[in-house]
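Trainee: Could you pick one part of this model and take me through it closely? I would like to see how its elements fit into their surroundings.

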Amino acid sequence: MPVQVQKVSDSASFPTEVDVVVIGAGIVGTCTAYELARKGVSVALLEKGIVGGEQSSRNWGWVRQQNRDLYELALAMYSLRRWEELSTETGRDLGFRRTGILYCTKNEADLARWGKWGQAARLQGFHSQILSASEANQRASGGTSSWIGGVWSPTDGRAEPSLAVPAIAEAAKENGVSLHQNCAVRGLDISNGRVTGVWTERGLVKAGTVVCAGGAWASRFSHRYGIELPVANISGTAIKTTPAPEIIQAGCLSASNFVLRRRTDGAYTIAVPGRGTLDITPQGMRYAVKFYQMYRSKIGKKLKYRLNSSFWNGPDAISSWENDEVSPFEKNRILDPAPDRKLVKLALKNLEREYPALKGIGVERAWGGLIDTSPDLVPVISRVEHLPGYVIAAGFSGHGFAIGPGAGRLVSEIVMNETPITDISPYRLSRFSDGSAIRRPEMM
C-alpha cells in the first residue's frame, strides 16, 4: 500500500453488545464514534481493513470552507472550529494548521463565480477576499503565470491525513470506544423491522443503532436491505513529492492545472484537479439517471470511463452473500487502486512549468483512491426511515476529510435525537427519491 498511515492497536476485548455500532474507521466513522463516546454512549467501531486505510488517508489534506456548496458551508465552517478543538482535546498533533488557501485563475468566469459565491457565503458568516491581478500574483509569487485574479481564504487550513484519523481513533479508544480492525461487518441483524445489531466475521454484536460510514462500500452494503444510496465511486490520483523548498506562504494553492499542499515533512501533496476515472459497473448503471446533471457539468466532463474487473468484484458490483459467509468486504480489505500514471506525469509537468524553482522535484510515491460521490456532491447524513436504527453517513464526494469532524458531531446528534448543529434537510437520503430536482453541481 503506497499510503503510509500511523498504526492503531485494537481494543483488548471484542464486544457482544453496545449502544451503537459504527461501520468504517475513516474520518467520518472515527469522529462519529469519538463524539458518541464523549456523550457516554457505548460504541463499537468496526473496520474491515485498518483505521484510515482508504480515502481518509488518500485525499489532498485540504481543510477548507471556500468554494463549498452553500448547503454544505455551515457544516464546513463548524468543522474548521472542530479541527482546532480536536487538536487540544485529543492532545495529539493532527497536522492541522490554519495557513490559508489560495485560488488563482486566468478565467473571468471563475472570478464572477467566486464573487457571487462569496456574497452568499457572507450571509452565513464566512468571509474570503477576491484578489486583483496584482494581489493574486503577489500571493503566488515565484510562478510563471500572469493571473488575472484569485480568491484568498485566510481562515482555511490543512491537516495530515496519515496522522489525523489514527490520532482521533486513539482518543476515541481513551473515551471508551471498542475499536476492531480487520473485522468486516457482513450484514445487519434485524428484528421486527428494526436494526438490532450487526453480523461480523467474528460473530454478532447487538446494538440499537448502526451507523454506516463505509465510504465507497456504503451503497453496496445498504442495497442488501432495499436502500437506494446513489453513489458513484470515482478513482482519483495524488502524489507525494520529495522534500522541496517552500514556494508560497499559503498552505494550499489551486490553479487550473494543478493543486498543492505543503506537508509538515517538507514535501508537497499535488494532483491535477477535477480529473478522475469512473468505472462502468452495475451500481453505476443503476444510478446513471440520477447522475445526469453531474455528468453534464464541467466536473463530469473531466472524467474518463473504463470497464475493468471492478465490474465483478469492486464496491460497485452486485452479488449476494449470507451473514455466515465470507463477504466482499473481507475479500477486499483495503481499496488500493493504481494511480493514473499519466496524471502523475501531468501534475509534475504542470507544477515545474509554473514554479521553475521546483525543477527536478521527484515523486516519493503516488497513489489512487476511490471517492464516494453523490449526484449533487453533497453528502448523505441521514436516518433511513423505513429501517429504524440505521443511519447513513456517506457520499462525501471528496469533502469527507475536511468536514469529517463536523459530520461526526452531526451524526452523533442524529443518533441521540439532539438539536443538530445545522439544518439536516440538505443531507437527507430521501432527496434522491422524493421527487426533488437533483441540482447540477457547480462547486467542488
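Mentor: Happy to, and a good place to start is the pairing of β10 (residues 194-200) with β11 (residues 203-206), which is antiparallel and runs over four bridges. Strands are DSSP runs of E with at least two residues, helices are runs of H or I with at least four, both numbered from the N terminus, and two strands pair if DSSP finds at least two bridges between them. Keep in mind that this is a predicted model, in which local features need pLDDT of at least 70 and side-chain atom pairs count only at pLDDT 80 or more, while totals for chains, interfaces and linings use all residues. Residues are numbered from 1 along each chain as its sequence is written, and side-chain values use heavy atoms, without hydrogens and water.

You can trace that pairing residue by residue. Threonine 200 has glycine 203 of β11 as its bridge partner, and tryptophan 199 is bridged to leucine 204, also in β11. The connection from β10 to β11 is a hairpin of two residues.

Now widen the view to the sheet around this hairpin. It is an open sheet of three strands, ordered β9-β10-β11, with antiparallel pairing. Because β9 (185-191) and β11 each have a single partner strand, they stand at the edges, and one side of each is left without a neighbour in the sheet. From one strand to the next, the twist averages 30 degrees; axes here are lines fitted to C-alpha atoms (for helices, over the stretch in contact), and angles between N-to-C directions run from 0 to 180 degrees.

Next comes another open sheet, built from six strands in the order β8-β2-β1-β12-β21-β20, with mixed pairing. At its edges are β8 (178-180) and β20 (380-383), each paired on one side only. Ignoring direction, neighbouring strands of this six-stranded sheet are turned by 15 degrees against each other on average.

Within the six-stranded sheet, β1 (residues 20-23) pairs with β2 (residues 43-46) in the parallel sense, over four bridges. Valine 20 stands opposite valine 43 in β2. Helix α1 (residues 27-38) lies across β1, β2, β12 (209-212) and β21 (390-394), where contact means heavy atoms within 4.5 Å. Its direction makes an angle of about 170 degrees with β2.

Towards the other edge, β20 and β21 run antiparallel and are joined by four bridges. Isoleucine 381 stands opposite alanine 393 in β21. These two strands also form a hairpin, with six residues between them, and glycine 389 in the turn has a positive phi of about 95 degrees.

From β20 you can move straight to a pocket. The second largest pocket holds about 410 Å³ of space. On a 1 Å grid over the protein atoms alone, a pocket is an open set of points with protein on both sides within 12 Å along at least five of seven lines, a cavity is a set where a 1.4 Å probe fits but cannot get out, and lining residues have an atom within 4 Å of a point. Points join across faces, edges and corners, and volume is the space filled by probe spheres set on them. The second largest pocket is lined by 23 residues, of which Ser382, Arg383, Glu385, Leu429 and Ser430 are closest to its centre. Two or more lining residues come from each of β20 and α12 (400-415), and the largest share, three residues, belongs to β20.

Finally, look inside: the structure holds one cavity of 30 Å³ or more. The largest cavity has a volume of about 550 Å³. Its lining counts 43 residues, with Glu54, Ala213, Gly214, Gly215 and Ala216 closest to the centre. Helix α1 and strand β21 return here: along with α6 (218-223), β19 (363-373) and α12, they each supply at least two lining residues. The largest share of this lining, four residues, comes from β19.
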